[in-house]
Amino acid sequence: MVNTSLPTSVEAEDKTINYTATQLDSMPLQVAGFQQVQIKWLNSGKPVLEGLEEKAVNVSLSHDNRFCLCVAGYGSQGCDIAPITHRTQQEWTALLSYARSPLMQQLLAVNDSLDQAGTRIWAAVEALRKATNALNIDLAIAQTEGDCILFQETVSGSQFKVLTFPIALTRGPERMVALVVQNT
């Protein structure tokens with residue numbers, strides 16, 4: 001049995017409100033300093049947060065057959081999660097385009113397997129498309145550290161970076177995660 005009367009702190013608008021978990025469960029979000037927020041989808045399929053429009057908080061969602069990934073924050077948001085899938089070199093080239101073959105070769109040279117490299121490019125492109133709505137994306141490697149690769153791309157005069165890394169979760173194949181990250 002779980003004791004739900006343990007004190008809980010909730011931060012809201014630069015103040016801390018202490019309530020027991022039982023009190024917090026039955027309290028309207030507005031009383032606790034939070035707004036009612038819902039995820040809605042535009043006709044384009046892009047998710048938006050309804051209830052946080054004045055705070056300019058954006059959201060991006062990605063899912064595969066088993067897992068869901070969500071990022072939220074100020075500014076453009078983009079994420080993708082994809083199972084690392086086996087394909088031949090010809091299949092990856094057909095999927096990603098011949099123009100991305102040099103990038104694929106660069107990733108192979110930094111110790112990605114063919115399937116890691118292909119899935120990494122796919123996930124990075126998908127994350128950037130979600131953040132920018134751009135169709136033509138020409139990634140370049142900005143930095144590598146271990147099995148993490150940071151890509152960069154300029155879209156409509158703004159520079160974007162996408163962090164990619166493989167992750168092994170509880171079940172199924174290893175996956176590639178791609179997150180649009182802020183320049184700092």
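**Close-up views of a predicted model**

**View 1. The largest nonpolar core.** In this predicted model, the largest nonpolar core holds 25 residues. I121, L128, L139, F151, V162 and V180 make the most contacts inside this core. Six elements each supply at least two of its residues: the helices α2 (89-96), α3 (101-109) and α4 (114-132), and the strands β9 (148-155), β10 (158-167) and β11 (175-181). α4 gives the largest share, 8 residues.

**View 2. Surroundings of V180.** V180 is among the residues with the most contacts inside the largest core. Residues up to four places away in sequence are set aside here. V180 then touches S76 and G78. V180 also meets A127, L128 and A131. F160, K161 and V162 complete the list.

**View 3. A separate core.** Another nonpolar core lies apart from the largest one. This second core has 5 residues. Among them are L69, V71, I81 and V177.

**View 4. Crossing of α3 and α4.** Two packed helices are described by the angle between their axes and the distance between the axes. The axes of α3 and α4 come within 9 Å. They cross at roughly 130 degrees. α3 is therefore oblique to α4. The crossing is right-handed.

**View 5. Residues between α3 and α4.** From α3, the contact involves L103, M104, L107 and L108. From α4, the partners are L114, A117, G118, R120 and I121. By class, the contact residues are 7 nonpolar, 1 polar and 1 charged. I121 also ranks among the residues with the most contacts inside the largest core.

Note on methods
Residues are numbered from 1 along each chain as its sequence is written. This is a predicted model: local features need pLDDT of at least 70, side-chain atom pairs count only at pLDDT 80 or more; totals for chains, interfaces and linings use all residues. Side-chain values use heavy atoms; hydrogens and water are left out. A nonpolar core is a set of buried Ala, Val, Leu, Ile, Met, Phe, Trp, Tyr and Cys residues joined through side-chain atoms within 4.5 Å. Buried means under 20% relative accessible area, exposed over 50%, partly exposed in between (1.4 Å probe, protein chains only). Helices (H or I, at least four residues) and strands (E, at least two) are DSSP runs, numbered from the N terminus. Contact means heavy atoms within 4.5 Å. Axes are lines fitted to C-alpha atoms, for helices over the stretch in contact, and angles run from 0 to 180 degrees between N-to-C directions. Angles under 35 degrees count as roughly parallel, over 145 as roughly antiparallel, 65 to 115 as roughly perpendicular and the rest as oblique. A crossing is left-handed if the near helix is turned anticlockwise from the far one by less than a right angle, and right-handed if clockwise. Ala, Val, Leu, Ile, Met, Phe, Trp, Tyr, Cys and Pro count as nonpolar, Asp, Glu, Lys and Arg as charged, and the others, Gly among them, as polar.
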